[in-house]
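Work through the following exercises with the coordinates open, and attempt each task before reading its solution.

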Amino acid sequence: MTELIQNIWLIPIYPLIAFAIIVLGRWSKILPQKSGAALVVGSTFLGLVHTLLFLSAWGPHYEPISVSAPWLHAGSLTLSMGYYIDAAGMLMLLIVTSVSLLIQIYTHGYMYHDPGYSRFYAYLALFNFSMLSLVLSSNLFQMYVFWEMVGVSSYLLIGFWFTRPSAAAAATKAFLMNRIGDFGLLTGILVLLYFTWNWWPGPVLSFTDMSGAAQVALHAAGPVGFTIMALLIFMGPVAKSAQIPLHTWLPDAMEGPTPISALIHAATMVAAGVFLIARMYPVFTISPVAMTVIAWVGGITAFVAATIAITQVDIKKALAYSTMSQLGYMVMAMGIGAYAAGLFHLMTHAFFKAMLFLCSGSVIHGCHDEQDMRKMGGLWKHMPITAATYLVGTIAITGVLPFSGFWSKDEIIGASISQPLLFAIGVVTAGLTAFYMFRTYFMTFHGEYRGHSHPHESPKVMWIPLVALAIPSALIGFALSGQLGLPSFEHFVHYGVSLVENGPNFAVMGLSMSFAIGGYVLAWLMYGSPKLISPERLKTTFSPLYELLWNKWYFDNAYFWIAKNVYLPFAALSAWFDRTIIDGIVGLTASTVNASGGALRTLQNGRVQSYLMIFFGAILTLAIVLMWIV
Amino acid sequence: MFNIGLYHYIALTTILFSIGLYGVLSSRNAIRLLMCIELMLNAVNINLVAFNNYVNMNDLSGQIFSIFILTVSAAEASVGLAILIALYRRRSTADMERFNLLKW
């Protein structure tokens with residue numbers, strides 16, 4: 001068993017090997033066409049088994065394990081690679097391996113007829129390697145490396161159908177938006193390194209020494225500098241977890257195949273931002289301003305994304321905004337000090353949102369690549385399993401007792417009670433969540449079918465993962481809530497002494513659940529069977545509000561305006577400056593040399609005697625000058 | 001009569017060298033140019049012998065050096081004349097003004 005503990009670094013290596021085999025095997029045409037699934041699913045299964053064996057051997061106190069080896073020497077700086085595993089890391093390992101496994105099985109059905117089948121599995125394996133390495137990273141620098149690698153995997157998978165201009169544009173957009181955040185993250189890491197350069201007792205930037213380093217940096221930088229540093233680090237999660245104002249890439253990322261939307265852009269990679277905040281919690285907690293900013297960014301994101309989701313007609317985009325909103329909850333939880341609640345919601349959300357996305361993929365598959373909910377409806381009859389699992393996911397995300405979202409989300413809302421404004425946002429967003437989720441449910445599965453194709457239930461390989469994910473989506477929250485006599489989630493995952501967590505607060509839960517039920521009733525009235533309130537009439541009555549939401553609060557327009565009216569003129573000015581001034585100076589140097597060369601070349605007239613004349617003349621002049629001086 | 005000293009020799013060689021230099025710089029005929037070079041070399045030789053005689057009488061390095069210069073200059077003259085003949089065969093002239101191919 002000690003071998004299992006020592007060799008936990010093997011978990012990310014399994015998918016890397018699968019990746020290498022697929023790439024080399026397909027390149028040399030040895031590997032058969034459809035063998036990607038077996039390899040990648042096998043490698044992930046191995047990882048899951050290894051994780052579970054490790055977990056069983058780990059106890060009983062779940063002490064963090066950290067192992068590092070020097071990796072890169074640069075002057076007086078030595079960077080290390082290694083692994084660090086604590087309860088939060090274990091949680092992420094379990095989520096990534098289990099959700100990945102189910103999604104990879106599902107992918108076999110979803111992508112079976114796609115010509116890029118093997119390439120897709122290769123990318124999936126690469127992503128798994130990067131994500132698992134990120135989770136196991138022992139220091140911030142190593143985490144940054146894999147942080148960028150999951151970014152690359154995400155880029156490749158968003159642009160998987162790169163012949164579509166919209167997919168290529170979405171991939172570029174995701175890359176650029178993340179670049180802005182990663183620039184901040186890298187700057188923050190370097191600033192932290194600068195202030196703690198000579199301090200590290202162990203490996204540089206390791207998570208085990210992070211709280212000491214935070215104190216040293218606070219002492220060296222002063223409160224203002226330290227807060228700026230913390231906010232720079234926070235820029236990374238803002239982009240990766242699609243928080244306002246760097247969120248616009250996530251809805252566009254839905255151009256990728258649906259399994260990717262489920263795995264990367266709902267369950268795992270976008271949660272990496274929250275995970276980074278958790279890892280850097282020693283830094284954030286000693287800066288009250290940074291914590292406030294984090295809480296508010298999360299809260300505003302949760303609310304704004306929920307409002308945008310109301311008007312979406314593309315099922316995947318509605319789910320994408322829902323993801324953004326839930327990530328906002330997690331970030332808000334981090335900001336108010338509810339570390340365990342944030343990670344609890346991360347876990348429950350990973351299960352039910354992955355399932356919801358897979359359901360949407362099943363619907364899209366069954367309706368022959370139709371994503372517009374206005375052309376669906378009545379699918380309950382045609383695909384009952386998908387509809388039932390989607391309903392489970394919807395109830396779970398809505399936070400209805402006893403489904404998992406209830407326990408995790410309401411724990412966040414309960415923890416925010418000390419900040420009334422954030423509490424209000426949380427509760428209202430819970431109502432909005434119920435409304436937009438049931439809206440998608442009713443529009444897709446109820447009423448009459450409005451499309452023109454023949455919808456059908458998905459094959460077994462696709463619906464079995466849905467059912468498998470429905471179980472944790474429904475039950476895991478209750479199981480870990482501490483109500484069943486089992487140890488609660490906070491028993492395993494907590495940060496130091498728990499800051500504001502005080503278990504389930506049933507009064508708060510009742511309030512948020514009544515808002516959720518209100519949202520459900522409204523959705524039922526508008527989109528369910530009776531259709532008592534016409535959405536069309538509401539649209540015209542509240543036309544300015546509808547316009548605002550339909551245009552996604554004009555974020556994309558604003559960015560486009562900035563790009564067009566600020567960035568491009570500035571770029572044109574720079575180009576002009578470069579061509580005229582810089583190139584002008586360079587050209588002037590060249591033409592000066594050219595002209596003087598042209599003037600001087602007449603001296604080389606080919607006559608030996610004139611050279612001799614100059615030669616002796618120079619000697620004579622030198623002699624006279626020397627005589628003069630001496 | 002007056003005594004002949006080092007300065008007289010130096011004056012002689014200076015005049016000889018200057019005549020040679022003038023010839024080298026002003027001749028249009030390549031053969032005359034070669035002859036003027038010999039004149040300059042001889043001026044140097046006289047200088048060496050004179051200095052050896054007046055400055056350092058213990059050895060004969062100046063004299064021996066001048067013998068070497070004579071030898072080298074003989075070789076140089078033969079090579080120079082050979083080149084000149086080759087040039088003359090090609091260009092049918094020995095005019096220095098015409099030998100200006102190696103220019104810009």
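Helices here are DSSP runs of H or I with at least four residues, numbered from the N terminus. The model is a predicted one.

**Exercise 1.** Locate the cis peptide bond that precedes P245(A), and state in which element P245(A) lies.

*Solution.* Begin with the omega angle, which is about 10° for the bond joining I244(A) and P245(A), a cis peptide bond. Next, place the proline in its context: P245(A) belongs to the loop between α8 (210-240) and α9 (249-252) of chain A. A second backbone feature is found at W553(A), which is not a glycine and yet has a positive phi of about 60°; W553(A) is situated in the loop between α24 (543-550) and α25 of chain A. Both features call for attention because most residues other than glycine have a negative phi, and most peptide bonds are trans.

**Exercise 2.** Determine how α6(A) and α7(A) are oriented to each other, and describe their contact.

*Solution.* First take the geometry: the axes of α6(A) and α7(A) are 9 Å apart, and the packing angle is about 175°. Since angles over 145 degrees count as roughly antiparallel, the two helices α6(A) and α7(A) are therefore roughly antiparallel to each other. Then turn to the residues, where Y144(A), W147(A) and E148(A) are among those of α6(A) that meet residues of α7(A), including F175(A), R179(A) and L186(A). Sorted by class, this contact of α6(A) with α7(A) has 14 nonpolar, one polar and three charged residues. Finally, look for a salt bridge: the side chains of R179(A) and E148(A) form one at 2.8 Å, N to O. This pair links distant parts of the chain, with R179(A) in helix α7 (residues 165-195) and E148(A) in helix α6 (residues 140-158), 31 residues apart. Over all chains, the structure holds nine salt bridges.

**Exercise 3.** Classify the packing of α26(A) against α1(B), and name the residues that meet.

*Solution.* Helix α26 (residues 608-629) of chain A and helix α1 (residues 6-26) of chain B have axes 8 Å apart and pack at an angle of about 140°, which makes α26(A) oblique to α1(B). On the side of α26(A), Q609(A), L612(A), M613(A) and F616(A) take part, and they meet F17(B), L21(B), V24(B), L25(B) and S26(B) in α1(B). The class count for the contact of α26(A) with α1(B) is seven nonpolar, two polar and no charged residues.

**Exercise 4.** Find the nonpolar surface patch that includes L573(A), and give its accessible area.

*Solution.* The patch is formed by F570(A), L573(A), W576(A), F577(A), I581(A), I582(A), I585(A) and V586(A), which together have about 800 Å² of accessible area. Of these residues, L573(A) can be placed in helix α25 (residues 555-600) of chain A.

Terms used: Residues numbered from 1 in each chain as written. Chains lettered and ligands numbered in written order. Predicted model: local features only at pLDDT ≥ 70, side-chain atom pairs only at ≥ 80, totals over all residues. Heavy atoms only, no water. Axes fitted to C-alpha atoms, helices over the stretch in contact; angles between N-to-C directions. Parallel < 35°, antiparallel > 145°, perpendicular 65-115°, else oblique. Contact = heavy atoms within 4.5 Å. Nonpolar A, V, L, I, M, F, W, Y, C, P; charged D, E, K, R; others polar. Patch = residues over 30% accessible without salt bridge, like charges linked within 9 Å, V, L, I, M, F, W, Y side chains within 5 Å. Areas by Shrake-Rupley, 256 points an atom, 1.4 Å probe, with all protein chains shown as cover. Salt bridge = Lys/Arg side-chain N within 4 Å of Asp/Glu carboxyl O.
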